[in-house]
Structures are given as C-alpha cells and as structure tokens.
Amino acid sequence: MSANTKKIVIVAVVALVLFFLITRPTESAAVVRDALGWLRDGAEAIVTFVRSLFS
C-alpha cells in the first residue's frame with residue numbers, strides 16, 4: 001500500500017468515526033463502552049492466567 005493510499009484510508013476512517021460521533025453520540029458511547037469492557041475482560045483473563053501459572 002502506497003503512502004498516499006494509506007493517508008486516504010486514514011482520513012476516511014477518521015471522517016467516518018467523526019460522522020458517527022456527531023450524528024449518533026449515544027450509540028457511539030455504547031460502542032466505546034462495550035469495547036472497553038471487552039478489553040478489561042481480556043486483561044483480567046490474562047492476569048488470571050499468569051497468576052495461575054505462578055501459584
């Protein structure tokens with residue numbers, strides 16, 4: 001992928017995210033909340049795994 005194509009894709013993704021943030025803020029917040037929940041659950045699972053290895 002060339003540098004110009006990469007820049008165009010990044011600008012398009014940022015524009016799409018901003019569009020959804022502006023037009024549907026409540027739904028956007030729910031998506032971010034869900035994503036953070038998944039990340040938290042994944043981190044907790046990794047911590048539990050590492051603790052069980054060294055217990």
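A salt bridge is counted here when a side-chain nitrogen of Lys or Arg lies within 4 Å of a carboxyl oxygen of Asp or Glu. By that criterion R40 pairs with E44, with 3.9 Å between the closest N and O atoms. The model is a predicted one, and the values in this report are computed from its atoms.

## Overall form

The protein chain contains 2 helices and 0 strands. Helix 1 covers residues 3-23, and helix 2 covers residues 25-53. Along the principal axes, the C-alpha atoms occupy a box of roughly 50 × 35 × 5 Å. The radius of gyration of the protein chain is 18 Å, whereas a compact globule of 55 residues would have a value near 10 Å.

Burial is assessed by relative accessible area, and a residue has to fall under 20% to be called buried. Of the 55 residues in the protein chain, 4% meet that condition. The exposed area of the protein chain is about 5,100 Å², and carbon and sulfur atoms account for 73% of it.

## Distances along and between the helices

Several C-alpha separations give a scale for the model. L21 and I10 are 11 residues apart in sequence, and their C-alpha atoms are 16 Å apart. For V9 and T23, with their positions 14 residues apart along the chain, the C-alpha separation is 21 Å. F19 and A43 stand 24 residues apart in sequence and 30 Å apart in space, again C-alpha to C-alpha. L53 and V11 are 42 residues apart along the chain, with their C-alpha atoms separated by 44 Å.

Some of these residues can be placed by helix. V9 belongs to helix 1, as does F19, and L21 is also in helix 1. L53 is located in helix 2. The relative accessible area of L53 is 52%, so this residue is classed as exposed, the limit being over 50%. F19, at 47%, is partly exposed.

## The nonpolar patch

Which residues make the nonpolar surface patch of about 890 Å²? The patch is formed by M1, V9, I10, V13, V14, V17, L18, L21 and I22. Members of such a patch need over 30% relative accessible area and no salt bridge, and nonpolar side chains are joined within 5 Å. V9 satisfies the area condition because its relative accessibility is 40%, a partly exposed value. V17 lies in helix 1 and is partly exposed at 46%. L21 likewise counts as partly exposed, with a relative accessible area of 43%.

## Charges and salt bridges

The protein chain carries 6 positive and 4 negative charges, and the mean positions of the two sets are 11 Å apart. How many salt bridges does a search of the whole structure find? The search finds 3, and they are listed below.

| Salt bridge | Closest N and O atoms |
|---|---|
| R24 and E27 | 4.0 Å |
| R40 and D41 | 3.8 Å |
| R40 and E44 | 3.9 Å |

R40 appears in the pair with D41 and in the pair with E44. These three residues, R40, D41 and E44, are joined in a network of salt bridges. Why are R40 and E44 separated by about one helical turn? They are 4 residues apart in helix 2, and therefore about one helical turn lies between them. Both acidic partners of R40 remain partly accessible: D41 has a relative accessibility of 39%, and E44 has a relative accessible area of 44%.

The salt bridge between R24 and E27 has its closest N and O atoms 4.0 Å apart. R24 is partly exposed at 46% relative accessibility, and E27 is partly exposed at 43%. Neither residue is classed as buried, because the limit for that class is under 20%.

## Summary

The predicted model has 2 helices and 0 strands, and its radius of gyration is 18 Å. Of its residues, 4% count as buried. Its surface includes a nonpolar patch of about 890 Å². Its 3 salt bridges include those of the network of R40, D41 and E44.

Key:
Residues are numbered from 1 along each chain as its sequence is written. This is a predicted model: local features need pLDDT of at least 70, side-chain atom pairs count only at pLDDT 80 or more; totals for chains, interfaces and linings use all residues. Side-chain values use heavy atoms; hydrogens and water are left out. Patches are made of residues with over 30% relative accessible area and no salt bridge: like charges are joined within 9 Å, nonpolar side chains (Val, Leu, Ile, Met, Phe, Trp, Tyr) within 5 Å. Accessible areas come from the Shrake-Rupley method with a 1.4 Å probe; for residues, only the protein chains shown count as cover. Buried means under 20% relative accessible area, exposed over 50%, partly exposed in between (1.4 Å probe, protein chains only). The radius of gyration is taken over C-alpha atoms; the globule rule is 2.2 Å times the number of residues to the power 0.38. Lys and Arg count as positive and Asp and Glu as negative; His and the chain ends are not counted. The place of a charge is taken as NZ of Lys, CZ of Arg, CG of Asp or CD of Glu.
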